[in-house]
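Visitor: I would like a close look at a single part of this structure, namely the charged side chains that pair with one another. Please take me through them slowly.

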Amino acid sequence: MLKIVIAGGFGAGKTTAVGAVSEIAPLSTEEYLTEASADVDSLAGLASKRTTTVAFDFGRLSLPDAPMPLELFLFGTPGQDRFVDLWYDLSRGAVGAVVLVDTRRLESSFAPVSFFEDIGLPFVVAVNQFDGAHRYRPEQVRTALELPSAVPVVTCDARDPNHVAGVLLTLVDHAVNNPTTSLAGHTTSTTLQDA
């Protein structure tokens, strides 16, 4: 059993990704956006967005046919920087994180990338390919986010269960093969058995 955090900027597709791949009805803490948040939650490029995560999303994915059977517990974070204290709580005990990126609002990706770098949690970047958005190559996104070559950058459609599962497997492989110091100050395992 592995805990995975799915993070990213406001509107990047975290709730969608958890819902797409979860084998159980996902737990979601979506609430309607109100006028009270208009000054802090920019909807530029997100005209159809009506809700936002206010605590976390939770889903589960079992992969019995993986080289070693896996059960992944998925925790989607709220996207706004003001919830960073909750990001710490959700990251505790996680093997790694996925940072979903919306290239239309790339500036919202810097905070989650910096967060996981700062706490030493392995992460991958998944570029969510929104309809109508310009398609950038992974290396272009790596350069824009100033990511080291060791951080995997992949593309995905957060609505597609196969895409999301592929991103999660990329993360598990990366986390297992690239141990770093975790939030608790312990080094992550170097074998899947130990993870």
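To begin with one residue, is Arg 92 buried, partly exposed or exposed, and what is its relative accessible area?

Guide: In this predicted model, Arg 92 is partly exposed, with a relative accessible area of 48%. The side chain of Arg 92 meets that of Asp 89 in a salt bridge, with 3.6 Å from N to O, a value that falls inside the criterion of within 4 Å between a side-chain nitrogen of Lys or Arg and a carboxyl oxygen of Asp or Glu. Asp 89 is likewise partly exposed, its relative accessible area being 47%, and so in this pair neither partner counts as buried, for which the value would have to be under 20%.

This pair belongs to a wider set, since a search of the whole structure finds 7 salt bridges. Another of them joins Arg 142 to Glu 139, where the closest N and O atoms are 3.1 Å apart. Both residues lie in helix H4, which spans residues 138-145, and because they are 3 residues apart there, about one helical turn separates them. Here the two partners fall into separate accessibility classes: Arg 142 counts as buried at 11% relative accessibility, whereas Glu 139 is partly exposed, with a relative accessible area of 45%.

A further salt bridge brings together the side chains of Arg 159 and Asp 157, at 2.9 Å from N to O. In this case the acidic partner is the buried one, as Asp 157 has 17% relative accessibility, while Arg 159, at 48%, counts as partly exposed. Beyond these pairs, Glu 23, Arg 60 and Glu 71 are linked in a network of salt bridges.

For contrast with these charged pairings, one may turn to the packing of two helices. The axes of helix H1 (residues 14-21) and helix H5 (residues 161-177) come within 8 Å and cross at roughly 100°, and the two helices are therefore roughly perpendicular to each other. On the H1 side the contact involves Ala 17, Ala 20 and Val 21, which meet Pro 161, Val 164, Ala 165 and Leu 168 of H5. Sorted by class, this contact has 7 nonpolar residues, with no polar and no charged ones.

Conventions:
Residues are numbered from 1 along each chain as its sequence is written. This is a predicted model: local features need pLDDT of at least 70, side-chain atom pairs count only at pLDDT 80 or more; totals for chains, interfaces and linings use all residues. Side-chain values use heavy atoms; hydrogens and water are left out. Buried means under 20% relative accessible area, exposed over 50%, partly exposed in between (1.4 Å probe, protein chains only). Helices (H or I, at least four residues) and strands (E, at least two) are DSSP runs, numbered from the N terminus. Axes are lines fitted to C-alpha atoms, for helices over the stretch in contact, and angles run from 0 to 180 degrees between N-to-C directions. Angles under 35 degrees count as roughly parallel, over 145 as roughly antiparallel, 65 to 115 as roughly perpendicular and the rest as oblique. Contact means heavy atoms within 4.5 Å. Ala, Val, Leu, Ile, Met, Phe, Trp, Tyr, Cys and Pro count as nonpolar, Asp, Glu, Lys and Arg as charged, and the others, Gly among them, as polar.
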